[in-house]
Amino acid sequence: MERKKITVFIPYFKSENALKNIDTFSKSKLIEKIYLISDKTIKPTEKYDVLNSNYPFSSEVMKMISHNADTDFILLIISESVVHIDDKSLNRLILIAEQNNSGWLYTDFYLNIKKVKTHHPLIDYQPGSIRDDFNFGHIILIKTSVFKSAVKNNTENIKYNFAGLYGLRLAFSRESSLKRIPEPLYAVEVYETENVKMKMFEYLDPQNWKLQLEMEAAASDHLKRISAFLQPRINTIKFDEQLFEYEATAVIPVKNRKGTIQEAVESALLQQTDFKFNIIVVDNHSNDGTTEILKTISLKNKKVFHLIPQRTDLQIGGCWNEAINHSLCGRFVVQLDSDDKYSDEKTLQKIIDKFYLEKCAMVIGSYRLTDFKLNEIPPGIINHKEWTNENGHNNALRVNGLGAPRAFFTPVVRQIQFHDVSYGEDYAMGLAVCRSYKIGRIFEPVYICRRWEGNTDSSITIEKQNSNNYYKDFIRTQDILARQKLNQKSN
């Protein structure tokens, strides 16, 4: 039985790899037509035709693809890497698409780096996978009929230069399913290892600001269509309803940070404020000398309270719960990671002033990225300006983090409680808070965030990255459900 044919669309902008991909796909018996999407002046040949555009993933390009695809399936190449795939794998993709009635398929793949082949797994798509950096790998097989329907129903009067594919993907998630095949069905040649540390913050580059605005617009439109978009809900905050001995508490969860914990605590002790504050260090059973350092500090300074939980199985979120539920916790709690520092002696004062100025339940600052020796490293200041008073609480579902340091009104976080995990616990709390309360922002750097080989997110495996991202998508899924219920009650 002859398999249904495929039209391939290949971006050709910065790399000559596209031409190598043409050779690969032109040999396939399943490929009926190949199109290059390019900003270059290229003459069509017998092997390929050309779609001209300055933006490979614009809404205009999505319309061009819809207009030119007349096969049963579209194979969309979404990177400029060299892709190796054979007809056996293409047949496998088509078979699964037919069996699962899925409109959008993506698959694990192999990475070939300096002739070393490694399996690169991806993660399953969830309703909360609405972040714009979700990793689909390098190729996507899409049912042409579903693609055309999504373009027709969702791109009318929309002119995205950057968010065309992203908006269409969100539309797919409303009309069909996005399925991952947990098999490596193709290979990708990588000639130079990417600078992962820079890539982490690529979206913060000022040159990408127009892209950010388009992505926000597409995400907001999606949330509206699934009844998860929230108008600003500003519940009244009364800061004086409960008595607290301390106005603020710097919370430092720590395990085995003997090289940095003293500097962190000292940066908190140096704070100059017009209110009474303390420091709660939750020592999660360190065994490298950190405990002894903290015992010495706490004996010398009454502001420092050294807590060792009775439980030995707590994650970072659990350590936060130990601090916020403690009788010595202040009215406001302010984050300080055990290998970071406050920028200067005014950080606490600025954060607490922001609470009272804006009557908010949470404040998020900005930070300066440095190496271990506190030398600034690119991209420097991280301020997450994608947060706005008008739409930050919705845009928060699109991005993968909210900034630092994070500070909370203690009675609110005591009601919610942190997830007892060591990744995403702060993000989950931020999403929960902003469903009902205002979050204040400080866009000047008040915090120093170190990047070094001892960080928990330094040089993590792809499996750990996937686990972290899957959990954050799960958090977003739960938050979307909660927002839909809020809107049902309002209506």
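This report describes the internal cavities and the cysteines of a predicted model.

Residues are numbered from 1 along each chain as its sequence is written. Local features need pLDDT of at least 70 and side-chain atom pairs pLDDT 80 or more, whereas totals for chains, interfaces and linings use all residues, and side-chain values use heavy atoms, without hydrogens and water.

**Cavities**

A search of the whole structure yields 2 cavities of 30 Å³ or more (a cavity is a set of points on a 1 Å grid over the protein atoms alone where a 1.4 Å probe fits but cannot get out; lining residues have an atom within 4 Å of a point). Volume is the space filled by probe spheres set on the points, which are joined across faces, edges and corners.

| Cavity | Volume | Lining by class |
|---|---|---|
| Largest | about 130 Å³ | 7 nonpolar, 6 polar and 3 charged residues |
| Second largest | about 60 Å³ | 4 nonpolar, 4 polar and 2 charged residues |

In these classes, Asp, Glu, Lys and Arg are charged, Ala, Val, Leu, Ile, Met, Phe, Trp, Tyr, Cys and Pro are nonpolar, and the others, Gly among them, are polar.

The largest cavity has 16 lining residues, of which Asn154, Ile158, Tyr160, Gly167 and Leu168 are the closest to its centre. Helix α5 (164-175) and α7 (209-225) each supply at least two lining residues, and α5 gives the largest share, 6 residues (helices are DSSP runs of H or I, at least four residues, numbered from the N terminus). The lining of the second largest cavity includes His384, Glu386, Trp387 and Arg441.

**Cysteines**

The model has 0 disulfides (pairs of cysteine sulfur atoms within 2.5 Å). For Cys319, the nearest cysteine sulfur, that of Cys329, is 14 Å away. Cys319 is buried, at 2% relative accessible area (buried means under 20%, with a 1.4 Å probe and protein chains only). The sulfur of Cys360 is too far for a bond, because the closest cysteine sulfur, in Cys434, is 12 Å away; Cys360 is also buried, at 0%.

Methods. On a 1 Å grid over the protein atoms alone, a cavity is a set of points where a 1.4 Å probe fits but cannot get out, and a pocket is an open set with protein on both sides within 12 Å along at least five of seven lines; lining residues have an atom within 4 Å of a point. Buried means under 20% relative accessible area, exposed over 50%, partly exposed in between (1.4 Å probe, protein chains only).
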